[in-house]
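Trainee: Could we go through this model together, slowly, and talk about how its parts are arranged?

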Amino acid sequence: MIVNRKKLNFLERLYVPAVIGGFKITIRHFFKKKVTMQYPEEKWVVPEGYRGAPYLVKDQQGRTKCVSCQLCEFVCPPKAIQITPPGPGGLPEAGNVEKGPREFEINMLRCIFCGLCQEVCPEEAIFLMKDYSLNGKSREELIHNKEKLLAMGGVHNDKIQKWKTKADEARQQGL
Amino acid sequence: MSTNAKIETPPTPAPVEKIKVKVDGREVEVPKTMPDGVTGKPVPTTMIQACHAIKVEVPHYCYHPRLPVAGNCRMCLVEFGTPAMGPDRKPILNPDGTAKILKSPRPAIACATPISPGMEIYTNTPNVRFMREGILEFLLINHPLDCPICDQAGECKLQEYSVDHGQTSSRFAEIKVHKPKRVDLGPRIILDDERCILCTRCIRFTRDVVGDDALGIVNRGSYNTITAYPGKPFDNNYSLNTVDLCPVGALTSKDFRFQMRVWFLKETKSLCTSCGTGCNVVVGSREDRMFRYKPRENDSVNATWMCDHGRLNYRWIHNPERLVQVTVRNGAAATVSDWKSAMPQLAARLKSAAPGTVAVIGSARQTTEELFLLAKLARHFQAVTDSVPRTGPADHLLLNADRNPNSTGAVFTGLAATPMGSNLGKIAEGIRSGRIKTLIVFGEDVTRHGIGADLLARLDLLVASDILPNATTKLAHFVLPGCAHVEKRGTFVNVKGHVQKFMKAIEPKGDARAEVEFLKELLPTVTGWTAPRSLEGLFNQMAGEIPALQGVTWAALGDTGVRVQI
C-alpha cells in the first residue's frame with residue numbers, strides 16, 4: 001500500500017502554531033491536580049488483589065503452613081520455586097502434619113508474579129503480598145530462602161485450622 | 001528380523017476352549033480358563049479379565065492380576081446379563097434371531113464373577129456409575145484427605161477414581177474415625193492406618209506370594225486396622241512390594257518417604273543389577289538424581305515384583321567419592337588428566353605390549369557390549385581373561401545366588417573362564433613370574449581376589465576402569481572413570497539366558513563416560529578393528545559373532561527382552 005505524504009503548507013512549515021499548541025497543553029497542566037508521586041518519600045498504596053512478591057506464612061501456632069507438597073514448584077511457569085522436601089524423617093517441629101519444607105527458595109529474578117503458586121496451594125501457605133519494590137545488591141540476595149520468606153510473610157490468621165482440628169479429634173478419640 | 005531356532009519361545013499352552021461374551025455391546029472372545037496369578041493353575045476367566053482383553057477399564061482396588069481374588073472393595077461392580085434359557089435348555093431368541101438376554105437384577109463384582117457363553121457385561125450404565133460414586137463416597141468417609149503430605153499423591157488410585165467417578169463434595173458431616181498414623185511396621189515400611197482402604201492387597205501379597213503371613217486386620221467395622229503380627233516386624237525381603245501394591249498412601253517406603261513428589265520423577269526403563277535375576281525396573285529420577293526403583297512387569301523374569309535388597313541398592317550411584325576424573329600415574333605421582341590427552345597415551349602404551357603378556361579382567365557387572373569389546377582387546381593380545389564370581393544366599397522368589405547381573409554375558413563373550421574365577425590364580429601366577437606385564441581391569445578390585453597390591457606393583461601397565469575408587473584404581477597407571485548402569489545404555493543376560501536392555505536415566509558425573517565409548521576409541525588404534533558407531537549396531541554385530549545370541553537384534557529385545565539358550 002502506498003501512503004501519500006501530504007506536503008506541509010506555509011503555516012505548518014513555520015511550526016509556530018504547533019509550538020503554541022504545545023504550550024497550551026503545558027499551561028493547562030499547571031492548574032490540574034498533581035498526579036506525580038514523590039517516590040520514595042511518598043509510598044504507593046497498593047490496591048486490593050495486587051500481585052506482589054510471594055511469601056510464606058505461619059499459622060497461629062507458629063507452624064510453617066507449607067507442607068512441602070511441591071505443587072507450587074510444579075505449577076510455577078518460570079520455575080522460580082525450588083523446594084527441598086524434608087526426607088524420610090519428616091520435620092519433627094511440624095507435629096501431626098509430619099511434613100514441611102527443609103528449604104524453600106524463590107528466585108525473585110525469575111518470578112513473574114503470576115500468582116499461580118498462591119492459587120494452587122492446598123494449605124494456604126503462600127501468598128502474593130504487596131511488595132513491589134524488590135532490589136538487592138547481588139543475585140544471591142534476590143533468591144529468597146525459607147527464613148526470609150517466613151519473616152516477610154508473617155502469621156496468617158487461618159479460620160479453618162484443619163491440622164489442629166485433626167489433632168484435637170484424634171486426641172478426643174484416644175489416639 | 002530373522003528368527004532363529006535358538007531363541008526360545010515360551011511353550012505354547014494347550015488350547016483352551018474359547019468363550020464369546022459382549023462387553024458394552026462389543027463382542028470379545030476369551031479363553032474359558034486363564035492361569036491363576038499366584039499358582040498358575042487354570043481358573044475360570046472372570047469378567048474383569050474379559051473387559052481387560054478388549055481394553056475396557058473397570059476401576060478396582062483389591063483386584064490385582066498377580067494376587068488371589070478377594071472381592072472386598074466392590075469398586076469393580078458391573079451389571080451383566082445372560083442368555084435366557086427355555087424349558088428345553090435352549091436359548092430363547094428375540095424376534096430378530098438374536099439371543100434374548102436376561103439382565104441380572106443385581107450387579108456383580110467383575111473381579112470374581114466367571115464369565116459364561118453369551119454373557120453381556122455392561123460397565124458404563126447409569127447404575128454402574130452411580131454404584132462407583134457410592135463406593136467412593138464410602139471409601140472417603142474416614143479417609144483423612146491429607147493428599148498434600150501423602151507420598152502416594154500423583155499415583156494414588158483413590159485420587160484418580162475420585163476424579164473419574166467420584167463426587168465433588170462430601171455429604172458426611174460427622175467426625176471422622178481417626179486411626180494410628182506413622183506406625184512403624186518394620187525396618188523399611190511405615191503405615192498410615194487412616195489412609196488405608198482395607199483392600200488387603202498387602203496381606204494377600206505377603207501371605208500368598210512371599211509366604212510370610214505377617215500382616216492382618218484387627219478391630220471391627222470402621223475401626224478396622226491393618227497391623228503386623230504383634231511383636232514381629234514386617235521385614236521379609238519383599239516387603240517394599242506392598243508399597244507399590246497399596247492403591248493409596250497407607251504403606252510408604254521409609255527410603256522414599258518425603259523425598260520427592262512422584263510427578264517430578266522421570267521414569268526410565270532399566271534393570272536391577274543386584275543379582276543374576278535381572279528384575280525389570282523403572283528408575284525414577286529428577287535433575288540427574290536417582291530417587292527410586294520400582295519393579296516393571298515382565299512375566300518371564302520377575303512378574304511384577306522385586307526384592308528389597310535390589311530395590312534399596314542404588315545409593316552407591318550418588319556416592320560423593322565417585323571416580324570423576326581421568327588419572328594418569330607415572331611412578332608415584334598421579335596427575336589428573338582428560339580423555340583427549342590420556343587416550344592416545346594409553347593406546348600407545350597398549351600398542352607396544354607384546355601378545356601373551358597381557359591379562360584382562362572384566363567384571364560380570366559390566367554390560368555385554370563392554371565385555372564384548374574387552375574380549376576383542378583380549379583376543380588381540382591373546383590375553384588371559386576372567387571375571388570375578390560373586391555369590392550370596394538365594395531365596396525362594398527372585399533373589400539369585402549369583403550376585404553378578406551379567407555372568408551369562410561374561411560367559412557368552414568369552415571373557416569369563418570356566419568356571420568363572422578359575423583364571424584369577426593363573427593371572428596372579430603370571431604376574432609373579434613376570435610373564436604378564438600388562439593388566440586391564442574393568443569394574444573389579446582385584447586386590448580382593450588374589451592379585452594383591454605387591455603383584456600389581458610389578459606390572460608395567462595397569463589400566464583400571466571403575467565407578468568407585470578402590471585399592472586397584474589407587475595403583476593403576478590409567479584410571480578411567482566409568483558409568484553406573486543408570487547413566488548408560490546396554491544389555492545384561494540373566495542367569496536363565498534372558499537378554500534384556502536398559503536405558504539411560506541420568507547424566508554421568510564429572511568426566512565419567514560410558515565404558516563402551518572409550519573402549520570404542522581405544523580399539524581402532526590398538527587392534528585395528530573399528531566397532532560400529534551406535535550401541536544398536538554394536539549389539540547387532542556382537543549378536544552376529546556370539547553363537548548363543550544368533551538372530552537376536554537390539555530392536556527385537558523390546559522392553560522385556562529375549563530368551564536365548566545357555
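Mentor: What follows is a short conversation about one helix and one sheet.

Mentor: This is a predicted model, in which local features need pLDDT of at least 70 and side-chain atom pairs count only at pLDDT 80 or more, while totals for chains, interfaces and linings use all residues. Residues are numbered from 1 along each chain as its sequence is written, and chains are lettered from A and ligands numbered from 1 in the order in which they are written.

Trainee: Within what arc do the buried residues of α5(A) fall?

Mentor: Helices (DSSP runs of H or I, at least four residues) and strands (E, at least two) are numbered from the N terminus. In α5 of chain A, residues 146–153, the buried ones (20 or more other C-beta atoms within 10 Å of their own; exposed means 12 or fewer) are A:Leu149, A:Leu150 and A:Gly153. They line one face of the helix, because seen down its axis, using directions from the axis to the C-beta atoms, they fall within an arc of 95°.

Trainee: Which exposed residues does the face turned away from the buried side of α5(A) carry?

Mentor: The buried residues of α5(A) pack against β1, β3, β4 and β5 of chain A, contact meaning C-beta atoms, placed from the backbone, within 7 Å. The face turned away from that buried side carries A:Glu147 and A:Ala151.

Trainee: In the sheet β24-β25-β26 of chain B, which strands stand at the edges?

Mentor: The 3 strands form an open, antiparallel sheet in that order, where pairing requires at least two DSSP bridges between two strands. Each edge strand has a single partner, so one side of each is left without a neighbour in the sheet, and these strands are β24 and β26.

Note on methods:
Two residues are in contact if their C-beta atoms, placed from the backbone, lie within 7 Å.
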